[in-house]
Amino acid sequence: EALRKGEFYASQGPEFTSITLEGDILKAEFSPCENAVFIRKNTGVRYWGRPGEEGKTPLTYMELDISQFRGQNYYVRCCIQDAQGRFAWSNPIYL
């Protein structure tokens with residue numbers, strides 16, 4: 001059923017716990033990662049883990065205001081990378 005609805009993602013290890021669109025804010029929550037990016041068309045909005053006492057503080061959340069992309073036939077994909085270099089990426093989210 002999830003495959004038919006497109007409600008799945010691909011992963012080499014990291015996990016998305018939720019991806020939601022609330023008004024014009026696209027939000028993604030996920031297992032602790034070092035890098036996260038919203039990819040749209042040929043560009044991206046990247047989030048990096050912040051420096052902490054022992055390297056980077058893991059990311060578990062990111063959000064993007066999509067209001068500027070509405071009506072432009074864009075899609076956005078969420079992509080995350082954990083400390084072991086493994087990726088997970090969402091299906092396209094069409095705007």
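A residue counts as buried when its relative accessible area is under 20%, as exposed when that area is over 50%, and as partly exposed in between, using a 1.4 Å probe and protein chains only. Helices (H or I, at least four residues) and strands (E, at least two) are DSSP runs, numbered from the N terminus. With that in hand, look at strand 9: five of its seven residues are buried, so strand 9 is largely enclosed by the rest of the structure.

Before going on, a word on where this comes from. What you see is a predicted model, in which local features need pLDDT of at least 70 and side-chain atom pairs count only at pLDDT 80 or more, while totals for chains, interfaces and linings use all residues. Residues are numbered from 1 along each chain as its sequence is written, and side-chain values use heavy atoms, with hydrogens and water left out.

**The whole chain**

The chain has one helix and 11 strands. Going along the sequence, the pattern reads α-β-β-β-β-β-β-β-β-β-β-β. Of the 95 residues, 28% are buried. About 6100 Å² of the chain is exposed, and carbon and sulfur atoms supply 48% of that area (Shrake-Rupley method, 1.4 Å probe; for residues, only the protein chains shown count as cover).

Contact here means heavy atoms within 4.5 Å. Among contacts with a separation of 6 or more, 56% are between residues 24 or more positions apart.

**Strand 9 and its partners**

Two strands pair if DSSP finds at least two bridges between them. Strand 9 (75-81) has several antiparallel pairings, and the table sets them out next to the pairing of strands 2 and 3.

| Strands | Bridges | Residues standing opposite |
|---|---|---|
| Strand 4 and strand 9 | six | Asn35 and Gln81 |
| Strand 9 and strand 10 | three | Gln81 and Phe87 |
| Strand 9 and strand 11 | two | Tyr75 and Tyr94 |
| Strand 2 and strand 3 | six | Leu21 and Leu26 |

Gln81 turns up twice: it stands opposite Asn35 and also opposite Phe87 in strand 10. Strand 10 covers residues 87-90, and strand 11 covers residues 93-94. Strands 9 and 10 make a hairpin with five residues between them, where Gly85 takes a positive phi near 85 degrees.

**The open sheet**

Strands 2, 3 and 8 form an open sheet in the order 2-3-8, with antiparallel pairing. Strand 2 (16-22) and strand 8 are at the edges with a single partner strand each, so one side of each has no neighbour in the sheet. On average, neighbouring strands here are turned by 15 degrees against each other, direction ignored; the axes are lines fitted to C-alpha atoms (for helices over the stretch in contact), and angles run from 0 to 180 degrees between N-to-C directions.

**The core**

A nonpolar core is a set of buried Ala, Val, Leu, Ile, Met, Phe, Trp, Tyr and Cys residues joined through side-chain atoms within 4.5 Å. The largest one has 18 residues, and Phe16, Ala28, Phe30, Phe38, Met62, Cys78 and Ile80 have the most contacts inside it. At least two residues each come from strand 3 (25-33), strand 4 (35-40), strand 8 (59-65) and strand 9. Strand 3 gives the most, with four residues.

What does Phe16 touch, leaving aside its neighbours within four places in sequence? Its contacts include Tyr9, Ala28, Phe30, Cys78, Ile80 and Trp89.

**Charged pairs**

Side chains of opposite charge can pair when their charged atoms come close. A salt bridge is a side-chain nitrogen of Lys or Arg within 4 Å of a carboxyl oxygen of Asp or Glu, and the structure holds two of them.

One joins Glu22 and Lys27, with the closest N and O atoms 3.1 Å apart. Glu22 is partly exposed at 43% relative accessibility, and Lys27 is partly exposed at 22%. The other joins Arg86 and Asp82, with the closest N and O atoms 2.7 Å apart. Arg86 is partly exposed, at 36%, whereas Asp82 is buried, at 6%.

**A link across the sequence**

Ser11 lies in strand 1 (residues 9-11) and is partly exposed, with a relative accessible area of 37%. Ser11 and Ala88 are 77 residues apart along the chain, and their C-alpha atoms are separated by 4.0 Å. Not counting residues up to four places away in sequence, Ser11 touches Phe87 and Ala88.
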